[in-house]
Structure formats: C-alpha cells, structure tokens
Amino acid sequence: MSPDDNDEFEDDLDDELEDDEPSEPVVTIEINGLSLYTHHGVSAAEREVGQRLVLDLRLEVGDCDATITDRVEDTIDYGEVCQVVALVAQQRSYRTLERLCTAIADRLLDQYEAETVWVKASKPEPPIPLPVDDVSVEVFRESDG
C-alpha cells in the first residue's frame, strides 16, 4: 500500500465516521382541516352572508430546540398558530382566496420563526353552478431571514 493509498483510506474512514453522527432533525408543523366561518368572496352575497372555509397549513421550522428540550416554548405552538390564522381570516373580508392565503402566510412568517409557510384555503360549497367537491387556492412563502 502506497502512502497515497493510506491517505485515501483515512479520508474514507473520516467520511464514514461523519456519516454516523446523528443529524439535526428537521421539524415541519402541519395543521389540516381548520374549519372557520368567514366572509370572503367575489360576490357581495358571499361577503355578506359568509361561508365555511377549510384551511390547511404547513410551517417548515427547520431544526428547533424542542427536539431536545421537549418544551413548547422552543418550537411553534400549533394551537397559537390556529388562533392567529382565525384572527387573520375573520378580521376582514377579502375578495380572493389568493389574497387571504397571502395575508395568513405573511402574518405567520412575521410572527414565528418559520423558514417557509404553505397555506391552502378551500371552499367546500363554492358558489358555482356545477357540482364540485371544493375549490382551493394554495400560497407558498419563504422567510426573508
């Protein structure tokens, strides 16, 4: 074995040892089926009478201390997220689901240390003359930081 071969062997061994070290867990928080009565829509009737929306959310937290500490304070509290989303969705009326989803995503990125936020809003009973299960809009936003 030449000296160069020995160096390659040591490099390979170092790589294997590094691979055996546990990596930091990547945390994703998902909330599915948050049902809220809201007043969003293109028509005045939708905004006046209101309707149920179903929201799905995904927040990419990355690595967070809660994986070690087991403390809610060291992650994003999904109960609190639901309250924030309800507030944004019910405090004012938007014509489009696109704008509503963007407002929710922006608020979540402003308020929490998430790397990315994905928001989906579905209308289970959309005001269209054809039979559909639901209509939905999705918005994906990344943190500036």
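Does Trp 118 count as buried or exposed, or, put simply, which of the two is it? At 14% relative accessibility, Trp 118 counts as buried, because the cut-off for buried is under 20%. With that settled, here are some notes on the rest of the structure, which is a predicted model.

1. **Overall layout.** The protein has five helices and four strands. Following the sequence, you will meet them in the pattern α-β-α-β-α-α-α-β-β. Of the 145 residues in the protein, 36% are buried. Among contacts with a separation of 6 or more, 60% are between residues 24 or more positions apart.

2. **The nonpolar core.** A good place to start looking is the largest nonpolar core, which has 36 residues. The members that touch the most others are Leu 57, Val 81, Val 85, Ile 104 and Leu 108. At least two residues of this core come from each of strand S1 (27-38), strand S2 (51-62), helix H4 (78-91), helix H5 (97-111), strand S3 (116-123) and strand S4 (135-142). H5 gives the most, with eight residues.

3. **Val 85 as a viewpoint.** If you would like one residue from which to look around the core, try Val 85, one of the members with the most core partners. Leaving aside residues up to four places away in sequence, Val 85 touches Leu 34, Leu 36, Leu 55, Leu 57, Ile 104 and Leu 108. Leu 57, Ile 104 and Leu 108 in that list are also among the core members that touch the most others.

4. **Helix H4.** The length of H4 checks out: at 1.5 Å a residue, its 14 residues should span 20 Å, and its end C-alpha atoms are 20 Å apart, which agrees. The buried residues of H4 are Val 81, Cys 82, Val 84, Val 85, Ala 86, Val 88 and Ala 89. These buried residues pack against S1, S2 and H5.

5. **Helix H5.** The same kind of check works for H5, whose 15 residues should span 21 Å at 1.5 Å a residue; the end C-alpha atoms of H5 are 21 Å apart, in agreement. Buried in H5 are Leu 97, Leu 100, Cys 101, Thr 102, Ala 103, Ile 104, Ala 105, Leu 108 and Leu 109. The buried residues of H5 pack against S2, H4, S3 and S4.

6. **How H4 and H5 meet.** These two helices pack at an angle of about 140 degrees, with their axes 10 Å apart. H4 and H5 are therefore oblique to each other, because only angles over 145 degrees count as roughly antiparallel. The crossing in which H4 passes H5 is right-handed. On the H4 side, the residues that meet H5 are Glu 80, Val 81, Val 84, Val 85, Leu 87, Val 88, Ala 89 and Gln 91. On the H5 side, you will find Leu 100, Ala 103, Ile 104, Arg 107, Leu 108 and Gln 111.

7. **Trp 118 again.** Back to the residue in the opening question: Trp 118 lies in strand S3. Not counting residues up to four places away in sequence, Trp 118 touches Asp 56, Leu 57, Arg 58, Glu 138, Val 139 and Phe 140. Trp 118 and Leu 59 are 59 residues apart along the chain, while their C-alpha atoms are separated by 6.5 Å.

8. **Thr 38.** Thr 38 sits in strand S1. With a relative accessible area of 1%, Thr 38 is buried. Beyond residues up to four places away in sequence, Thr 38 touches Gly 50, Gln 51, Leu 53, Ala 89 and Gln 90. Of these partners, Ala 89 is also one of the buried residues of H4.

9. **Two loop residues.** Where should you look outside the helices and strands? Pro 126 lies in the loop between S3 and S4, and with a relative accessible area of 13% Pro 126 is buried. Pro 126 touches Val 132, Asp 134 and Val 135, again not counting residues up to four places away in sequence. The C-alpha atoms of Pro 126 and Ser 136 are 9.4 Å apart, with their positions ten residues apart along the chain. Asp 70 is in the loop between helix H3 (66-69) and H4. Asp 70 counts as exposed, at 70% relative accessibility. Although Asp 70 is not a glycine, it has a positive phi of about 65 degrees.

Note on methods. Residues are numbered from 1 along each chain as its sequence is written. This is a predicted model: local features need pLDDT of at least 70, side-chain atom pairs count only at pLDDT 80 or more; totals for chains, interfaces and linings use all residues. Side-chain values use heavy atoms; hydrogens and water are left out. A nonpolar core is a set of buried Ala, Val, Leu, Ile, Met, Phe, Trp, Tyr and Cys residues joined through side-chain atoms within 4.5 Å. Buried means under 20% relative accessible area, exposed over 50%, partly exposed in between (1.4 Å probe, protein chains only). Contact means heavy atoms within 4.5 Å. The expected span of a helix is 1.5 Å times one less than its number of residues. Axes are lines fitted to C-alpha atoms, for helices over the stretch in contact, and angles run from 0 to 180 degrees between N-to-C directions. Angles under 35 degrees count as roughly parallel, over 145 as roughly antiparallel, 65 to 115 as roughly perpendicular and the rest as oblique. A crossing is left-handed if the near helix is turned anticlockwise from the far one by less than a right angle, and right-handed if clockwise.
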